[in-house]
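Dear colleague,

Please find the structure below, as agreed. My notes on what was found in it follow directly after.

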Amino acid sequence: MKVRDFLLERYFAKYEFSVRHMLSASDCETISVRELLDGADADVEELWSELRLSYTESRGHPALLREIARETGVSADEAIVLNPEEGIFLTLNALLDSDDHVVVLSPCYQSLYELPKSLGCEVTRWYLKKEDSVWKLDLPFLERAIKENTRLVIVNFPHNPTGFLPSVEQLNAIAELSVKKGFFVFSDEMYRGLEHNPADRLPSAPSIIRRSVALGGLSKAYGLPGLRTGWVTSTDKWLLDRIAALKDYTTICSSAPSEILAIAALRRSEELTGRCRGIVKENLEMARSFFCENSGRFEWFEPHGSSVAFPRLLGGQPVKDFCERAVTERSLLILPDVVFDVDWNHFRIGLGRRSFPEALSVLREMLN
Ligand SMILES: Cc1ncc(COP(=O)(O)O)c(C=O)c1O
């Protein structure tokens, strides 16, 4: 398999565990195994204490599949448990052939466009538009981009890196176009649960788009990236069977302890996602006032979901140099937009960590 390096992951690999201040993480503040189990019900406590470290069921623990079904609105046999990044890899391999055309909402997490490219597909990047410091979805562009051989449209809502969240009407428009033109939709919902106004939460794609597959997981909205647990859901039995068959070549089955901890997490879904939303809300208020105070130096784009935002550096300095200075002079990690394969002078900040105020004050010092 020939695939380009994952720019963001390589950047993180270089600095993530050595810098003093992290301003760009996309996950939310994590909790300990003890905290997760302290709040668990008697059933989970028993599953945990009786747990044997054997192989597990390839599609996932039945109790975990039931929790995923409840959370996403499909039935338990319409889900497969896997590692989130593995979910992207397996789904795209299951769905795509080299003569397919794929449209990918952009900028975005690199595997969403890099894997289709590595499979030989033609990829059209469907960029979010910027209008008066607001991210906008360009639906007319999508309609024009669809070709005879368009097999797949890939979206990610709430969106990394911008925090963009469409309306349900816009999602419905994509659903209608999928019926009219016959393409499949891959909906990356890793940040679902992190809508800044919970009333804006979108239905998971398979409940409104017939030909769709959704990716979800515990890494972002639950603050549990170390579990490496996610899922794909679809009402398309053929696709799920293909993904399950390919999983035999990656992980075969999920980690037994992670599955039980994931059941514990999903049974406390509102509490755990509410905790992460609370942290994001406080940090977002601080970020908004910081960027407004410094409006001569930055252009702020208000996010409406996710734990990230994507402001623009003004004043002519290349953002790559700015981020380089931050990391070498201040041990402060900020992600430049080049790791998202765009050259717009934007950078990503992460709003999900408790250390955000301290990291922001280091940025403030650097500006002064
Ligand atoms: C949009 C998106 N999809 C998928 C993933 C992969 O999730 P994980 O790192 O838990 O495998 C990420 C991680 O940052 C992401 O931002």
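The lining of the largest cavity comprises seven polar, five charged and four nonpolar residues. Please bear in mind that this is a predicted model. The volume of this largest cavity is about 140 Å³. Of the 16 residues that line the largest cavity, Glu71, Glu189, Arg192, Tyr222 and Trp231 lie nearest its centre. Helix H4 (62-72), strand S9 and helix H11 (269-293) each supply at least two residues of this lining. Strand S9 gives the most, with four residues.

In total, the structure holds two cavities of 30 Å³ or more. The second largest cavity encloses about 80 Å³ of space. Its lining has seven nonpolar residues, one polar residue and three charged residues. The residues that line the second largest cavity are Phe157, Pro158, Leu165, Leu171, Ser187, Glu189, Arg192, Glu195, Leu202, Pro203 and Ala205. Glu189 and Arg192 thus appear in the lining of the second largest cavity, and they are also among the residues nearest the centre of the largest cavity.

I turn next to the sheet. Seven strands make up an open sheet with mixed pairing, and their order is S2-S10-S9-S8-S7-S3-S4. At its edges are strand S2 (79-82) and strand S4 (122-127), each of which pairs on one side only. From one strand to the next, the twist averages 20°. Strand S3 (residues 101-106) pairs with S4 in the parallel sense, over six bridges. Within this part of the sheet, Leu105 stands opposite Trp126 in S4.

Helix H9 (residues 237-247) packs on the sheet, where it touches S2, strand S7 (150-156), strand S8 (184-188), strand S9 (212-217) and strand S10 (230-234). The direction of H9 makes about 25° with that of S2. Strand S9 is therefore worth examining from two sides, as S9 is touched by H9 and also supplies four residues to the lining of the largest cavity.

Finally, a note on one loop residue. Gly39 is found in the loop between helix H2 (33-38) and helix H3 (42-49). Because its relative accessibility is 40%, Gly39 counts as partly exposed. Gly39 and Trp135 are 96 residues apart in sequence, and their C-alpha atoms are 39 Å apart in space.

With kind regards

Definitions and conventions:
Residues are numbered from 1 along each chain as its sequence is written. This is a predicted model: local features need pLDDT of at least 70, side-chain atom pairs count only at pLDDT 80 or more; totals for chains, interfaces and linings use all residues. Side-chain values use heavy atoms; hydrogens and water are left out. Two strands pair if DSSP finds at least two bridges between them. Axes are lines fitted to C-alpha atoms, for helices over the stretch in contact, and angles run from 0 to 180 degrees between N-to-C directions. Contact means heavy atoms within 4.5 Å. On a 1 Å grid over the protein atoms alone, a cavity is a set of points where a 1.4 Å probe fits but cannot get out, and a pocket is an open set with protein on both sides within 12 Å along at least five of seven lines; lining residues have an atom within 4 Å of a point. Grid points are joined across faces, edges and corners, and a volume is the space filled by probe spheres set on the points. Ala, Val, Leu, Ile, Met, Phe, Trp, Tyr, Cys and Pro count as nonpolar, Asp, Glu, Lys and Arg as charged, and the others, Gly among them, as polar. Buried means under 20% relative accessible area, exposed over 50%, partly exposed in between (1.4 Å probe, protein chains only).
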